Amino acid sequence: MSNINKIKRGLIIVCIVLLIGLVAFILIRNATNMIIRNQQEKDYDKIVENKKLYKSHTSYDGIFSIKAPSTWSEVKEKKSLNANAVIELKNEIRNAYLVAVVTNKLDVTDTFEIFKSDVFTQKQTHYGITISEYKDVVIDGKNAQYIEFYNTNEDSINTYIRSYAIETENYYVQIMIWTLKSNENLVQQEFNNIMESFKEI
């Protein structure tokens with residue numbers, strides 16, 4: 001065998017070894033990342049389930065409070081999500097957000113039924129959706145309703161959204177809470193716990 005053939009064979013062997021090493025590295029890295037992600041999800045689930053770890057947030061006007069897992073924080077720039085918001089929260093881990101807007105009952109003659117109908121009609125018009133189901137829930141000791149729908153924004157990002165209509169002692173409240181569509185199944189209990197904690201102080 002000539003020296004050139006020996007060199008060629010040696011190079012082929014080296015390439016094969018390097019390729020096997022690269023494939024093994026990728027497989028190990030992916031497996032490690034999967035283990036880390038699974039552990040992160042378990043840790044996150046513990047935070048969601050343990051309401052003692054929830055932090056209370058007070059509205060800008062000091063009239064309302066809501067509790068959310070420690071992974072949620074207040075939006076730094078007030079009214080950046082909505083110009084009329086009294087509460088704005090975000091969860092960067094889940095790419096989730098919450099906005100609350102209130103109306104003082106003294107300022108309107110509407111009943112809660114009219115307010116609720118207006119809130120949901122606005123959502124249908126704005127997002128171009130048809131509401132097929134209204135879900136009942138008790139918030140701050142009173143009956144409330146919410147709808148669930150999806151939206152694709154101008155950046156082609158799909159979101160899962162809940163829109164609530166709530167009546168408290170002195171106010172009508174609408175709250176939107178949303179996240180990426182891929183998180184929909186992951187956030188059900190979390191969203192429920194957060195919303196059920198909302199109350200007029």
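This is a short talk on the sheets, helices and largest pocket of one structure.

Okay, so before anything else: what you have on screen is a predicted model. Let's start with the bigger topic, the sheet that carries most of my slides.

We've got an open sheet of seven strands here, and the order reads E3-E4-E5-E9-E8-E7-E6, with antiparallel pairing. At the edges stand E3, residues 73-74, and E6, residues 135-139; each has a single partner strand, so one side of each has no neighbour in the sheet.

Now let's walk across. E4, that's residues 87-91, runs antiparallel to E5, residues 96-104, and five bridges join them. If you want one pair to click on, take Leu89, whose bridge partner in E5 is Leu98. The hairpin of E4 and E5 has four residues between the strands, and Asn95 takes a positive phi there, near 50 degrees.

What does E5 pair with besides E4? With E9, residues 171-180, again in the antiparallel sense, over eight bridges. Tyr97 has Trp178 as its bridge partner in E9, and please hang on to Trp178, since that name comes back with the pocket.

Further along, E7 (residues 142-152) and E8 (residues 158-167) run antiparallel and are joined by eight bridges. Gln145 finds its bridge partner, Ala165, in E8.

And the helices? H3, residues 188-196, packs on the sheet and touches E4, E5, E6, E7, E8 and E9, with a direction at about 25 degrees to that of E8. Then H2, residues 112-127, lies across E5, E7, E8 and E9, and runs at about 165 degrees to E8.

Right, the bit you docking people will ask about. How much space lies in the largest pocket? About 400 Å³. Its lining has 19 residues, and the closest to the pocket centre are Leu81, Asn82, Tyr127, Met176 and Trp178. Which elements supply at least two lining residues each? E5, H2, E8 and E9. By residue class, the lining divides into ten nonpolar, eight polar and one charged.

Last slide: there's another open sheet, of three strands in the order E1-E2-E10, with antiparallel pairing. E1, residues 55-58, and E10, residues 199-200, are the edge strands, each pairing on one side only. Four bridges link E1 with E2, residues 64-68, in the antiparallel sense, and Thr58 stands opposite Ser65 in E2.

That's my tour, thanks.

Notes. Residues numbered from 1 in each chain as written. Predicted model: local features only at pLDDT ≥ 70, side-chain atom pairs only at ≥ 80, totals over all residues. Heavy atoms only, no water. Pairing = 2+ DSSP bridges. Contact = heavy atoms within 4.5 Å. Axes fitted to C-alpha atoms, helices over the stretch in contact; angles between N-to-C directions. 1 Å grid on protein atoms, 1.4 Å probe; cavity = no way out; pocket = protein on both sides within 12 Å on 5 of 7 lines; lining within 4 Å. Points joined across faces, edges and corners; volume = space filled by probe spheres on them. Nonpolar A, V, L, I, M, F, W, Y, C, P; charged D, E, K, R; others polar.
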